[in-house]
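Reader: Hello! I am new to this structure and would love a close look at one part of it, with the surroundings explained along the way.

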Amino acid sequence: CKLFISQSHDEYWSKEQRLHVTAARDNGMHLAFLSGNEIFWKIRWENNFRTMVVCKDSQETKQIDPVEWTGTWRDDRPINTFGAKPENELTGTLFTVNAWRHDALEIPSKYANHRFWRHTHIARLKAGSDAKAVLLSGLLGHEWDEDIDNGFRPAGLQHLSETTI
């Protein structure tokens with residue numbers, strides 16, 4: 001089994017990056033996105049991959065990047081020449097929260113039997129109880145995602161935690 005892990009703030013992705021990871025998924029690779037606000041801005045590279053370009057066309061009324069669209073992947077306006085491809089089409093979740101928060105990540109007992117938590121204290125939570133593990137206050141920072149079914153969410157999405165604030 002092969003696995004692609006995104007564990008940092010991967011907010012800026014080129015068309016090529018997205019195509020490669022999508023193709024890998026379509027060929028059986030598992031994907032794990034362990035942070036928030038991934039694949040939000042479409043970028044392009046210049047100068048032999050030394051310069052990242054994003055004109056944030058989604059904040060404009062017309063495309064301002066002279067080479068190709070560089071806006072949000074989810075922008076569904078006609079000026080997005082690539083068409084709307086929300087990040088949850090690949091990650092399963094959408095970036096929704098951009099506010100200073102200092103909340104803990106919570107894992108309810110219903111996730112205790114997931115193999116991701118095997119050999120951790122979370123696996124010892126009694127399934128079916130109201131118990132939950134609370135991980136590190138402040139782990140949920142100022143940008144994070146939600147599982148929203150907007151018609152793009154892929155099959156096979158597996159939750160590992162659930163925090164309500």
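Reader: Does Thr 93 count as buried or exposed, and why?

Author: Happy to walk you through it. Please keep in mind that this is a predicted model. Thr 93 counts as buried, because its relative accessibility is 18% and the cut-off for buried is under 20%.

Let us place Thr 93 in the chain. Thr 93 sits in the loop between helix 2 and strand 6. Helix 2 covers residues 88-91, and strand 6 covers residues 94-98. Looking past its neighbours within four places in sequence, you will find Thr 93 in contact with Glu 38, Glu 87, Asn 88, Asp 145, Glu 146 and Asp 147. With one of these, Asp 145, there is also a polar contact: the side chains of Thr 93 and Asp 145 are joined at 3.1 Å.

Now step back to the whole chain for a moment. It has 2 helices and 9 strands, and from the N terminus on, the order of elements is β-β-α-β-β-β-α-β-β-β-β. Along its principal axes, the C-alpha trace spans about 55 × 35 × 30 Å. Of the 165 residues, 34% count as buried. Among contacts between residues at least 6 apart in sequence, 64% join residues at least 24 apart.

From Thr 93, move on into strand 6, where you meet Phe 95. Phe 95 counts as buried, because its relative accessibility is 10%. The structure holds 7 aromatic pairs, and Phe 95 belongs to one of them. The ring centres of Phe 40 and Phe 95 are 5.2 Å apart and the planes stand at 80 degrees, so this pair is edge-to-face. It links distant parts of the chain, since Phe 40 lies in the loop between strand 3 and strand 4 and the two residues are 55 residues apart. Phe 40 is buried too, with a relative accessible area of 13%.

Another edge-to-face pair is formed by Phe 116 and Trp 117, whose ring centres are 4.9 Å apart with planes at 90 degrees. Here Trp 117 is buried, at a relative accessible area of 10%, while Phe 116 is partly exposed, at 42%. You can also look for Phe 4, Trp 13 and Phe 33, which ring pairs link into a cluster.

Next, turn to helix 2 again, this time from the side of helix 1. The buried residues of helix 1 pack against helix 2, as well as against strand 1 (3-6), strand 2 (12-14) and strand 3 (30-33). In helix 1, the buried residues are Arg 18, Val 21 and Thr 22. They cover an arc of only 100 degrees around the axis, which puts them on the same side of the helix. There is a simple background to this: an α-helix has 3.6 residues a turn, so residues three or four places apart point the same way. On the other side of helix 1, Leu 19 and His 20 are exposed.

The length of helix 1 can be checked as well. It has 12 residues, 15-26, which at 1.5 Å a residue should span 16 Å, and its end C-alpha atoms are indeed 16 Å apart. Just after helix 1 comes Gly 28, with a positive phi of about 100 degrees. Arg 18 has a further partner to look for: it lies over the face of Trp 73, at 4.8 Å from the ring centre.

For a contrast with buried Thr 93, look at some exposed residues in loops. Beyond strand 6, Trp 100 is found in the loop between strand 6 and strand 7 (103-108), and it is exposed, with a relative accessible area of 68%. Trp 100 and Arg 153 are 53 residues apart in sequence, and their C-alpha atoms are 27 Å apart in space.

The loop between strand 4 and strand 5 (51-53) holds Asn 47, and Phe 49 has its place there as well. Asn 47 counts as exposed at 51% relative accessibility, and Phe 49 is exposed with a relative accessible area of 60%. Neither backbone is that of a glycine, yet phi is positive in each: near 55 degrees for Asn 47 and about 70 degrees for Phe 49.

So, to return to where you began: Thr 93 is buried at 18% relative accessibility, and its side chain shares a polar contact with that of Asp 145.

Methods: Residues are numbered from 1 along each chain as its sequence is written. Side-chain values use heavy atoms; hydrogens and water are left out. Helices (H or I, at least four residues) and strands (E, at least two) are DSSP runs, numbered from the N terminus. The expected span of a helix is 1.5 Å times one less than its number of residues. Buried means under 20% relative accessible area, exposed over 50%, partly exposed in between (1.4 Å probe, protein chains only). The arc is that of the directions from the helix axis to the C-beta atoms. Contact means heavy atoms within 4.5 Å. Rings of Phe, Tyr and Trp (its six-membered ring) pair if their centres lie within 6.5 Å; planes under 30 degrees apart count as stacked, over 60 as edge-to-face and the rest as tilted. A charge sits over a ring if NZ of Lys or CZ of Arg is within 6 Å of the ring centre and within 35 degrees of the ring normal. A polar contact is a pair of N or O atoms within 3.5 Å; within protein, one must be able to donate a hydrogen and the other to accept it, and residues adjacent in sequence count only if both atoms are side-chain atoms.
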